Amino acid sequence: RWLSVAAKDVAQKTLCVRRIVDAVTASATRNVTTSEYKVLHVEYIPSSGRAIMLTKIDPLRVGHFPNVTVGTNGAPVYWYEFGNTIGIDPIPDGIYNLRLYIADMPKMVLLDTGAFTDGVGATQWTDSGNGWAATGTTAVHSGAGPETFTYNTILAASTNYTFTVTIDSIGVTGTLIMKADTTGGTATGATITTAGVHTQNLTSAATGPAIILSGANDVVVSHITVLKEIDFATTTDQTELPCAWQHLLALYATHGGLTKDRKYGPAQMLESIYNNELAYLRQSIVEVIPDGRNDVKYQ
């Protein structure tokens, strides 16, 4: 328990667990729901041309910035964070692809595989039709869809997961949707239409959840990783907390044990070492401090 608390404490105080996740807007809806600890930056990915990093604003200034016509919807220009959502200005007039640069809670490795086998075993995959084929090192979908390819291990209900999938290739009309259950809802990720590595945070629903790849037309998947937000339970659990921070777990846990044994002097000393290490590593690894005026100017 102390190791688990330590991992969360490190991540919350330093924002050292970073990832880039996919998200999409909804037409005529300002807010985009997120399931991350903190959104740091938002990038708009247009259908063609360069991606654009959106400017963060105060929500009180929505509609008062240039490049946005009051009362007119359009492509994303600005963003702000509000609770478990981000707001987009202007209000989107369609579905727009976003990349969220986030700080997240550390999770445990649940699945990390580049092997795909059809079958009924706990570590095998079941396809819903003839569209999917497991070739050993890849999962391939061809033909119309959507058709599902389901990993047989059941996920825990109402639990946050991070899905990362590597798509080797995808056709012009190909799509892939990652799901954490069979019913959709908040457990359904953004539609993927491009090759590459895609990451999404999904919270499983309470009705028989499972890991699902839903494909349409030509899609080739070569790797999938699933991380689960849970506490340490066994000695084989692997946390995704970066290596530079993992030694702090021992300091925090030992501090907890010494406090429980009422050895307050050594406990206070370890707590001081722990907090100083947090501050030092955050300053030297996490924080990006501008070197001069050119670093803070927009071109």
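In the predicted model, Tyr44 has Leu98 of strand S8 as its bridge partner. This bridge belongs to the pairing of strand S3 (residues 38-45) with S8, which is antiparallel and extends over seven bridges. Strand S8 (residues 97-103) is also joined to strand S1 (residues 18-24), again by seven bridges and with the two strands running antiparallel. Within the pairing of S1 with S8, Ile20 is matched with Tyr101 of S8.

The side chain of Tyr44 also takes part in an aromatic contact. Six aromatic pairs are counted in the model. One of them is formed by Tyr44 and Tyr96, whose ring centres are separated by 5.6 Å and whose planes lie at 75 degrees to one another. The arrangement is classed as edge-to-face because the angle between the planes is over 60 degrees. Tyr44 is located in strand S3 and Tyr96 in the loop between S7 and S8; the two residues are 52 positions apart, and the pair thus links distant parts of the chain.

A further set of strands is arranged as an open sheet of four members, in the order S2-S7-S6-S5, with mixed pairing. The edges are occupied by strand S2 (31-33) and strand S5 (55-56); each has a single partner strand, so one side of each lacks a neighbour in the sheet. Strand S6 (residues 78-82) and strand S7 (residues 85-89) are antiparallel and are connected by five bridges. Among the residues concerned, Glu81 has Ile86 of S7 as its bridge partner.

The helical packing was examined next. Two packed helices are described by the angle between their axes and the distance between the axes. For helix H1 (residues 2-14) and helix H3 (residues 264-286), the axes come within 10 Å and cross at roughly 45 degrees. H1 is therefore oblique to H3, and the crossing is right-handed. On the H1 side, the contact is made by Ala6, Asp9, Val10, Lys13 and Thr14, and on the H3 side by Tyr274, Asn275, Leu278, Arg282 and Val286. Classified by residue type, this contact of H1 with H3 contains five nonpolar, two polar and three charged residues.

Helix H1 also packs against helix H2, at an angle of about 125 degrees and with the axes 8 Å apart. The relation between H1 and H2 is therefore oblique, and H1 passes H2 in a right-handed crossing. From H1, the contact involves Trp2, Leu3, Val5, Ala6, Ala7, Asp9, Val10 and Thr14; from H2, it involves Trp245, Leu248, Leu249, Tyr252, Ala253, Gly256, Gly257 and Lys260. The contact of H1 with H2 comprises 11 nonpolar, three polar and two charged residues. Ala6, Asp9, Val10 and Thr14 of H1 appear in the contact with H3 and also in that with H2.

The remaining helix pair is formed by H2 (residues 243-260) and H3, whose axes come within 8 Å and cross at roughly 160 degrees. Because angles over 145 degrees are classed as roughly antiparallel, H2 is assigned to that category relative to H3. The crossing of H2 and H3 is left-handed. By class, the residues in the contact of H2 with H3 are 16 nonpolar, four polar and three charged.

Notes. Residues are numbered from 1 along each chain as its sequence is written. This is a predicted model: local features need pLDDT of at least 70, side-chain atom pairs count only at pLDDT 80 or more; totals for chains, interfaces and linings use all residues. Side-chain values use heavy atoms; hydrogens and water are left out. Axes are lines fitted to C-alpha atoms, for helices over the stretch in contact, and angles run from 0 to 180 degrees between N-to-C directions. Angles under 35 degrees count as roughly parallel, over 145 as roughly antiparallel, 65 to 115 as roughly perpendicular and the rest as oblique. A crossing is left-handed if the near helix is turned anticlockwise from the far one by less than a right angle, and right-handed if clockwise. Contact means heavy atoms within 4.5 Å. Ala, Val, Leu, Ile, Met, Phe, Trp, Tyr, Cys and Pro count as nonpolar, Asp, Glu, Lys and Arg as charged, and the others, Gly among them, as polar. Two strands pair if DSSP finds at least two bridges between them. Rings of Phe, Tyr and Trp (its six-membered ring) pair if their centres lie within 6.5 Å; planes under 30 degrees apart count as stacked, over 60 as edge-to-face and the rest as tilted.
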